Amino acid sequence: MTAAVSPSPVDATGPDAAAFKLSMRHLAGAVCVITVGDGEGRTGFTATSVTSLSAEVPSVIVSVNRTSSSWPVLERSGHFCINVLAEGQDGVAKAFAGADGRRGAERYAGAEWTRLDSGGWALADALTVIDCGLDEALHRHTHAILIGRVRSVRVRPDVAPLLYFNGGFRTLLPE
């Protein structure tokens with residue numbers, strides 16, 4: 001299905017809003033859990049809007065809704081940790097999305113976490129862990145676009161990623 005491109009922006013309450021949301025559901029992405037905070041005040045959220053910004057100055061971009069309970073904690077702490085999930089970790093993704101009603105530090109239950117030197121929280125068996133300092137937060141519409149300066153990276157090679165596509169978790173087919 002193709003449609004003519006409109007010269008004006010899509011109205012969030014108009015007829016094209018559903019098509020926009022459907023198009024975003026078809027944008028496959030790695031599933032990440034962003035951890036923030038410390039102690040009983042720690043929390044986090046599930047995100048697929050995570051991407052690299054620069055390799056010359058190792059940095060990443062993460063998008064977070066400013067109505068998220070994680071946003072004020074992240075803003076205060078000034079750092080966050082990206083945990084790129086591996087195949088089979090959809091339970092962790094659901095917990096951090098709040099799908100089972102858990103909030104705050106309760107989201108960490110049922111998985112093994114490691115405290116990093118920076119104070120960030122890394123999922124012990126994540127595909128990749130990227131620990132970041134918050135370089136800048138740009139406010140646009142309902143979200144904050146986080147620019148994170150990478151402090152450390154840990155990678156588990158030869159592990160398949162957990163993906164999100166069209167409203168569900170997916171994995172890559174073996175070669």
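These are short notes on the sheet, the helices and the main pocket of a predicted model.

1. Sheet order. Seven strands, 7 in number, make up an open sheet. Read across, the order is β3-β2-β6-β9-β10-β5-β4. The pairing is antiparallel. β3 and β4 (50-54) are the edge strands, and each of them pairs on one side only.

2. Sheet twist. On average, neighbouring strands of this sheet are turned by 35 degrees against each other, with direction ignored.

3. One strand pair in detail. β2 covers residues 32-36 and β6 covers residues 79-84. The two run antiparallel and are joined by 4 bridges. Within this part of the sheet, Cys32 stands opposite Val84 in β6.

4. Helix α2. This helix spans residues 70-77. It lies across β2, β3, β5, β6, β9 (128-140) and β10 (143-155). Its direction is at about 110 degrees to β3.

5. Helix α3. Here the strands crossed are β2 and β3. α3 runs at about 115 degrees to β3.

6. Largest pocket. Its volume is about 1000 Å³. The lining has 25 residues, and the closest to the pocket centre are Met24, Thr48, Ser49, Ser63 and His143.

7. Where the lining comes from. Two helices and two strands are to be noted: α1 (16-25), α3 (90-97), β3 (43-47) and β5 (59-65) each supply at least two residues of the lining of the largest pocket.

8. Lining chemistry. Which residue classes make up the lining of the largest pocket? It divides into 11 nonpolar, 12 polar and 2 charged residues.

Terms used: Residues are numbered from 1 along each chain as its sequence is written. This is a predicted model: local features need pLDDT of at least 70, side-chain atom pairs count only at pLDDT 80 or more; totals for chains, interfaces and linings use all residues. Side-chain values use heavy atoms; hydrogens and water are left out. On a 1 Å grid over the protein atoms alone, a cavity is a set of points where a 1.4 Å probe fits but cannot get out, and a pocket is an open set with protein on both sides within 12 Å along at least five of seven lines; lining residues have an atom within 4 Å of a point. Grid points are joined across faces, edges and corners, and a volume is the space filled by probe spheres set on the points. Ala, Val, Leu, Ile, Met, Phe, Trp, Tyr, Cys and Pro count as nonpolar, Asp, Glu, Lys and Arg as charged, and the others, Gly among them, as polar. Two strands pair if DSSP finds at least two bridges between them. Axes are lines fitted to C-alpha atoms, for helices over the stretch in contact, and angles run from 0 to 180 degrees between N-to-C directions. Contact means heavy atoms within 4.5 Å.
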